[in-house]
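Hi everyone, thanks for coming. I'd like to walk you through a structure today, so please have a look at it while I talk.

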Amino acid sequence: MAVALPLLLAVVVAGLGIHARTTAGPDTGPLELPAVAAPQATTPACAAVLDALPAELPGTGGPMPPRELDPAVPGARAWVAQPEPVVLRCGTDRPAELGPTSPLIVVNGVDWLPLTGAPDARSDTYAVVDREVYLELTAPTETGPGPLQAVADAVGATLPMQPVQVR
């Protein structure tokens, strides 16, 4: 009995740990973003878009609350999602993929360019290409179109449309 009780306790603790890891929700703690060139992140245009964003983004699993960035990143916002957070960056460089034959999609009156990601990427990235600043939105495929639509609404409400500069 003296040997069996500690062994049983170890099995129970290990089982609880495995269960907690497999049933845990998305990470909601502070997020550290990798460095990305965003030379116009502190412009009034970016400030206007960021101020117009809703606190929560819609997703197929329900509203996605904001996620703190630590350290803070000018021109960037993030929201809680699975398997990765939704991340918006404003004031980024012109996308290298943007050319005369680039396939654009229009969401709520805003032209978005799908950006090429890694073959094993769990998220999709799109760039706004018809405004005075470029924005990039990365969201897990599982979130559905809600984040793209909500950001397009904020962009459309704050920044006037401009011709797409293909080169």
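Let me start with a question: by class, how many nonpolar, polar and charged residues are in the lining of the largest pocket? Keep that in mind for a moment while I set the scene.

First, a word of caution: this is a predicted model. The chain has 167 residues, and buried residues make up 36% of them. Its secondary structure comes to 3 helices and 6 strands. If you start at the N terminus and read along, the order of elements is α-α-β-β-β-β-β-β-α. Now look at the contacts with a separation of 6 or more: 62% of them are between residues 24 or more positions apart.

Back to the pocket. The lining of the largest pocket has 6 nonpolar, 1 polar and 4 charged residues. You can find them on your screen: L31, E32, L33, P34, V36, E84, P85, V87, R89, E136 and T138. Two elements, β2 (86–92) and β6, give two or more residues each to this lining. The space in the largest pocket is about 240 Å³.

Next, let's go inside. Which residues touch the most other members of the largest nonpolar core? They are V86, L88, W112 and L135, out of 27 residues in that core. At least two core residues come from each of α2, β2, β4 (110–115), β6 and α3 (146–158). The largest share is from α3, which supplies 6 residues.

Let's zoom in on W112. Leaving out residues up to four places away in sequence, W112 touches P103, L104, I105, V107, Y126, A127, V128, L137, L148, V151 and A152.

One of those partners is L137, so let's hop over there. L137 sits in strand β6, residues 134–140. Is L137 buried or exposed? It counts as buried, because its relative accessibility is 1%, and the cut-off for buried is under 20%. Apart from its neighbours within four places in sequence, L137 is in contact with V86, V87, L88, W112, D124, T125, Y126, P147, L148 and V151. L137 and C90 are 47 residues apart in sequence, yet their C-alpha atoms are 8.8 Å apart in space.

Another partner of W112 is I105. This residue lies in strand β3. With 31% relative accessibility, I105 counts as partly exposed. Not counting residues up to four places away in sequence, I105 touches V110, D111, W112, Y126 and L148. For I105 and Y126, 21 residues apart along the chain, the separation between C-alpha atoms is 9.4 Å.

Now for a charged residue. R67 is in the loop between α2 (44–52) and β1 (76–79). Why does R67 count as buried? Because its relative accessibility is 8%, and buried means under 20%. A polar atom of the R67 side chain lies 2.6 Å from the backbone oxygen of G29. Beyond residues up to four places away in sequence, R67 touches D27, T28, G29, P30, L31, A78, W79, V80 and P85. You may recognise two of those names, because L31 and P85 also line the largest pocket. Let me put that last point plainly: L31 and P85 are among the lining residues of the largest pocket, and R67 touches both.

Let's move on to another loop, the one between β6 and α3, where we find T141. T141 touches R122, S123 and D124, not counting residues up to four places away in sequence. The side chains of T141 and D124 are joined by a polar contact of 3.0 Å. T141 and R122 are 19 residues apart in sequence, and their C-alpha atoms are 6.9 Å apart in space.

I'll finish with some backbone details. Most residues other than glycine have a negative phi, and most peptide bonds are trans. With that in mind, which peptide bond into P71 do we see, cis or trans? The bond from D70 to P71 is cis, with omega near 5°. P71 is in the loop between α2 and β1. The bond from Q82 to P83 is also cis, with omega near 5°, and P83 lies in the loop between β1 and β2.

Then there is N108, in the loop between β3 (105–107) and β4. N108 is not a glycine, but has a positive phi of about 50°. N108 is partly exposed, with a relative accessible area of 44%.

That's my tour, and I'm happy to take questions!

Technical notes: Residues are numbered from 1 along each chain as its sequence is written. This is a predicted model: local features need pLDDT of at least 70, side-chain atom pairs count only at pLDDT 80 or more; totals for chains, interfaces and linings use all residues. Side-chain values use heavy atoms; hydrogens and water are left out. Helices (H or I, at least four residues) and strands (E, at least two) are DSSP runs, numbered from the N terminus. Buried means under 20% relative accessible area, exposed over 50%, partly exposed in between (1.4 Å probe, protein chains only). Contact means heavy atoms within 4.5 Å. On a 1 Å grid over the protein atoms alone, a cavity is a set of points where a 1.4 Å probe fits but cannot get out, and a pocket is an open set with protein on both sides within 12 Å along at least five of seven lines; lining residues have an atom within 4 Å of a point. Grid points are joined across faces, edges and corners, and a volume is the space filled by probe spheres set on the points. Ala, Val, Leu, Ile, Met, Phe, Trp, Tyr, Cys and Pro count as nonpolar, Asp, Glu, Lys and Arg as charged, and the others, Gly among them, as polar. A polar contact is a pair of N or O atoms within 3.5 Å; within protein, one must be able to donate a hydrogen and the other to accept it, and residues adjacent in sequence count only if both atoms are side-chain atoms. A nonpolar core is a set of buried Ala, Val, Leu, Ile, Met, Phe, Trp, Tyr and Cys residues joined through side-chain atoms within 4.5 Å.
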